[in-house]
Amino acid sequence: MGMTMTEKILARASGTPSVKPGDVAVVDVATAVLMDMTFLPESWREILKVHDPAKVVIVFDHLVPAPTAQAAAAHRTGRAFAAQFGVERLHDVGPDQGICHAVVADRAYALPGTVLVNGDSHTCAAGAFNCAARGVGGPDMLYAVTTGKAWFRVGETIRYDFTGRLPDGVSAKDIFLTIAGKYGAHVNQNVEYGGPGMASIGINGRRTLATMGTELSAEFVIFEADDALVEYVRERNTQPFEPAPPDPDAVYRDRRGIDLSTLEPLVALPDAVVNNSVPVSEVAGQKIDQAFIGSCANGTLDDLAAAAKVVAGRKVARGTRLIVTPGTQAIYRAALKAGYVETLLDAGAVVTPATCGACWGGHMGTLGPNETCITASTRNFKGRMGDPSARIFMASPATVAASALAGAIAHPGEFFRGDAA
Amino acid sequence: MSGNNMLAGRVWRFGDNINTDLMLPGPYLVRSEEDQAKAVFTTNRPEFLREMRRGDVIIGGFNYGMGSSRPAARSLRNCGVGFLLAETINGLFFRNSVNHGFKAFECPGVTQAFEEGDTAELSIEDWTATNRRTGQTLAVTPVPKMLLDMMLGGGILPVLEAQGLIAPRHAEVST
């Protein structure tokens with residue numbers, strides 16, 4: 001019986017010929033990513049032995065630059081841990097820092113065909129790299145770092161096949177909102193993406209779509225590896241790797257086609273990501289206080305380019321805040337060189353350093369009582385970005401930027417007419 | 001495992017998509033484990049912690065525990081919840097249940113079969129859940145032995161401690 005990509009990677013990493021739904025796979029972890037929350041004084045459990053420091057990555061991202069003394073203490077613990085065990089891949093506040101999933105992407109730490117774990121829930125972001133990556137809990141991270149292992153229940157797989165290409169002004173976030181709106185949660189299931197239309201989505205768009213798989217409650221979210229992906233990884237990581245394509249006779253719980261050319265910009269209404277998408281026209285005119293573009297889902301260079309394209313030569317509406325957070329400091333520098341940062345600043349946006357801050361309601365853009373926000377980030381749960389009475393709509397960076405200009409939710413179409421996608 | 005495989009408790013019913021933030025609110029992420037256990041369901045059901053007794057049971061709907069990697073299962077264990085039965089359990093919440101030694105099982109049909117205040121009986125040997133009031137018995141989805149042993153044995157941390165891989169919880173930590 002053939003295997004899906006997820007099954008193939010888990011079988012390979014557990015040294016068995018095959019795994020199937022219902023099995024528990026105990027696998028070798030190729031990459032274990034620790035983020036700064038792990039080192040908070042209240043939650044840190046001192047690690048006495050590290051299985052292999054070369055497989056560990058440490059990224060400070062939720063609490064940067066340190067907003068509190070407690071956060072600063074966590075960073076000190078993380079630095080001391082890296083020094084004690086010789087973990088060289090430490091992404092401290094400075095030029096190499098960023099949101100952990102974006103750093104993993106920038107550096108191609110997630111190798112195709114391997115397993116990656118991270119204590120942050122949006123870890124399936126690395127599935128864009130044909131990597132079996134899953135957000136796990138604190139104890140899983142201790143287990144992985146000290147033993148090099150992780151366990152997974154093998155679930156059934158839903159396969160999505162893309163055809164066509166996206167219309168102008170429609171982006172990967174809209175693909176996600178389409179799937180989340182139509183098919184809802186994928187609890188205990190894997191999501192796999194491929195098909196002839198996949199190439200047109202691009203690596204950054206795949207990252208958005210893979211990251212948002214967390215909101216589908218999927219186990220693993222994995223894209224097929226194409227030539228563009230293999231080239232991307234080879235340019236950034238010298239380690240050998242072997243992509244894991246699905247077998248032609250792989251068994252899926254369901255197989256669904258998505259014609260990209262038929263999609264339109266969507267918005268998720270407040271309080272839930274799945275089963276909650278509507279066309280922009282249904283909520284157009286809804287007044288907003290804040291517009292946010294960033295996070296592990298929408299802080300890529302393509303996202304900043306889309307935002308800059310929409311606001312170029314225009315002004316953010318009076319009384320509305322547009323906050324933009326690049327995914328990494330490297331992306332920030334690239335956006336600066338490309339002129340996007342200047343365009344955004346000229347329009348009246350605030351461009352923050354790379355941090356998870358606003359997305360989880362930590363800092364750098366938290367919401368006050370009864371405020372309304374439209375966000376291109378990961379979650380719109382009640383209270384997610386600050387006060388529980390705030391309302392959070394979710395959309396693509398282009399829709400969020402268009403809304404910032406209008407001071408109310410707006411369709412981005414007019415800014416893209418006549419473009420090539 | 002004997003003595004541990006038959007459990008019973010009073011039922012608290014919850015709906016679908018109960019998220020981690022309700023069990024462990026964001027502001028408590030930077031607080032102690034003990035403080036976190038005092039925040040369970042404080043925003044959606046403030047009477048829960050006041051009125052619950054040790055061993056009480058949570059009956060949940062679909063995708064119980066959706067959301068973040070935060071140790072919400074640990075808070076349920078620490079505040080004294082006996083076990084959870086839900087239609088489906090979010091994968092990340094289930095991992096944290098296994099790893100923190102909180103008993104959490106999938107039981108299709110469970111939300112229809114139990115009313116608030118009923119007594120639920122769970123047999124981890126027969127993989128059944130019974131409503132003592134109605135006598136109705138449902139099948140519980142078995143958890144693979146390796147994971148069940150970890151769940152019933154108090155989670156993964158005692159194992160790592162015993163192997164000398166991590167320090168005991170209250171060890172002095174240099175910051």
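These questions and answers look at helix 2 of chain A and the contact with chain B in a predicted model.

Biologist: What should the 17 residues of helix 2 of chain A span, and how far apart are its end C-alpha atoms?
Modeller: Helix 2 of chain A runs over residues 69–85. At 1.5 Å a residue, it should span 24 Å. That agrees with the model, where the end C-alpha atoms are 25 Å apart.

Biologist: Which residues of helix 2 of chain A are buried, and why are they on the same side?
Modeller: The buried residues are A:Ala71, A:Ala74, A:His75, A:Gly78, A:Phe81 and A:Ala82. An α-helix has 3.6 residues a turn, so residues three or four places apart point the same way. Here the buried residues share one side of helix 2 of chain A because they cover an arc of only 120 degrees around the axis.

Biologist: Which exposed residues does the face turned away from the buried side of helix 2 of chain A carry?
Modeller: The buried side has its cover, which includes strand 3 (56–59) and strand 4 (89–91) of chain A. The face turned away carries exposed residues instead. They are A:Ala69, A:Ala83 and A:Gln84.

Biologist: What phi does A:Gly86 take?
Modeller: A:Gly86 sits just after helix 2 of chain A. Its phi is positive, at about 70 degrees.

Biologist: Which helix of chain A gives the most to the side that touches chain B?
Modeller: In the contact, 35 residues of chain A meet 35 residues of chain B. Helix 2 and helix 4 (138–147) of chain A each supply at least two residues of the chain A side. With six residues, the one that gives the most is helix 4 of chain A.

Biologist: How many nonpolar, polar and charged residues are on the side of chain A that touches chain B?
Modeller: Sort that side by class. The result is 15 nonpolar, 12 polar and eight charged residues.

Terms used:
Residues are numbered from 1 along each chain as its sequence is written. Chains are lettered from A and ligands numbered from 1 in the order in which they are written. This is a predicted model: local features need pLDDT of at least 70, side-chain atom pairs count only at pLDDT 80 or more; totals for chains, interfaces and linings use all residues. Helices (H or I, at least four residues) and strands (E, at least two) are DSSP runs, numbered from the N terminus. The expected span of a helix is 1.5 Å times one less than its number of residues. A residue is buried if 20 or more other C-beta atoms lie within 10 Å of its own, exposed if 12 or fewer, and partly exposed in between; C-beta atoms are placed from the backbone. The arc is that of the directions from the helix axis to the C-beta atoms. Two residues are in contact if their C-beta atoms, placed from the backbone, lie within 7 Å. Ala, Val, Leu, Ile, Met, Phe, Trp, Tyr, Cys and Pro count as nonpolar, Asp, Glu, Lys and Arg as charged, and the others, Gly among them, as polar.
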